[in-house]
Amino acid sequence: MNERFGTVVLDTAFRFVIPFVMLYGVYVLINGESSPGGGFQAGALLAIAVVLSRLVQGEKAVFNISGNTALILAGIGTFLYGFVGVLTLCWGGNFLEYGISPWAMLAAEKHALGILGIEIGVTLCVMATIIAIFDALTRKEEV
Amino acid sequence: MKVLRMGALFVLLLMAEVMFISAGALPQLYDPQSAAATHVADRYIEDAVEETGSPNFVTAVLADYRGYDTLGETTVIFTAGLATVLLLRVSKGSASKREGDSAAEEEQV
């Protein structure tokens, strides 16, 4: 990992900025329930980390998600959101009524778990959509 | 031409008049008795912590009371991204066809 990618600016951007952007993205996702933030912002941050990695290192980037994988991930994220809603329906509640889950937890914990579930779905969807659009824009023509 | 311009001025003045009248009927800024502040906002502010367990009532409104709305937003983002990728991507078939006879491809485009 000691080899240089290019100039000092690229090296610094990769080694110092990307890890903190990723960490901040995960923090915003997990802490979004009790502080400003949430799925959309966390998704944008995580996507920026991958896009920056692609910009610095090109196709062989360390944190690379290809366009096809990104589209599948976006679908999975949207599905996860809907799945949480359908799950609460199956347990006999209303759509997205988190308090209905049968596990022995406090009501607040049930709500926090449900909100975390849908936030993860939103994060996956936003992250993968941004990466897919970036990939489509920078894609080389296939021969 | 002149008639058209006078007509446009008339419509513009009419719209300005409507705007002034409706602006006068708007509730006072920061008025606690206004319609926007008395309907569901009170319930969200007072009961959000007990009802949803979330200490942040922006999250409570976004993910809990209006969870269905956020599902729609996510679907819109997914659909928009899918459509963008479909438009931007050059498929394998059309790329090879363009190499073969570019004139016919140009006509089609």
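**Notebook: chains A and B, predicted model**

I started with confidence in chain A of this predicted model. The lowest mean falls in helix α1 (residues 8-31) of chain A, at 87, and the highest in α3(A), at 92. For chain A as a whole I noted an average pLDDT of 86, with 94% of the residues scoring at least 70.

**Chain B, elements**

I looked up the make-up of chain B next. I found 7 helices and 0 strands, and from the N terminus on the elements read α-α-α-α-α-α-α. I also checked burial: 17% of the 109 residues in chain B are buried.

**Where the chains meet**

I then went to the contact between the chains. On the chain B side I count 25 residues, in contact with 35 residues of chain A. Which helices of chain B each supply at least two residues of that side? I found α4 (57-65), α5 (67-88) and α6 (92-100) of chain B. The most comes from α5(B), with 12 residues. By type, I sorted the side of chain B that touches chain A into 12 nonpolar, 10 polar and 3 charged residues.

**α4(A) against α5(B)**

I took up one helix pair across the two chains. The pair α4(A) and α5(B) packs at an angle of about 15°, and the axes are 9 Å apart. Angles under 35 degrees count as roughly parallel, and I therefore entered α4(A) and α5(B) as roughly parallel to each other. The crossing of α4(A) past α5(B) is left-handed.

I listed the residues that make this contact. From α4(A) they are I118(A), G121(A), V122(A), C125(A), V126(A), T129(A), A132(A), I133(A), A136(A) and L137(A). From α5(B) they are G67(B), T74(B), I77(B), F78(B), G81(B), T84(B), V85(B) and L88(B). In the contact of α4(A) with α5(B) I find 12 nonpolar residues, 6 polar and no charged.

**A backbone angle in chain A**

Last, I looked at L96(A). This residue sits in the loop between α3 (67-90) and α4 (107-138) of chain A. Its phi is near 65°, which I flagged as a positive value in a residue other than glycine. Is L96(A) buried or exposed? I counted 25 other C-beta atoms within 10 Å of L96(A). The cut-off for buried is 20 or more, so I entered L96(A) as buried.

How values were computed
Residues are numbered from 1 along each chain as its sequence is written. Chains are lettered from A and ligands numbered from 1 in the order in which they are written. This is a predicted model: local features need pLDDT of at least 70, side-chain atom pairs count only at pLDDT 80 or more; totals for chains, interfaces and linings use all residues. Two residues are in contact if their C-beta atoms, placed from the backbone, lie within 7 Å. Helices (H or I, at least four residues) and strands (E, at least two) are DSSP runs, numbered from the N terminus. Ala, Val, Leu, Ile, Met, Phe, Trp, Tyr, Cys and Pro count as nonpolar, Asp, Glu, Lys and Arg as charged, and the others, Gly among them, as polar. A residue is buried if 20 or more other C-beta atoms lie within 10 Å of its own, exposed if 12 or fewer, and partly exposed in between; C-beta atoms are placed from the backbone. Axes are lines fitted to C-alpha atoms, for helices over the stretch in contact, and angles run from 0 to 180 degrees between N-to-C directions. Angles under 35 degrees count as roughly parallel, over 145 as roughly antiparallel, 65 to 115 as roughly perpendicular and the rest as oblique. A crossing is left-handed if the near helix is turned anticlockwise from the far one by less than a right angle, and right-handed if clockwise. pLDDT is the predictor's confidence in each residue, from 0 to 100.
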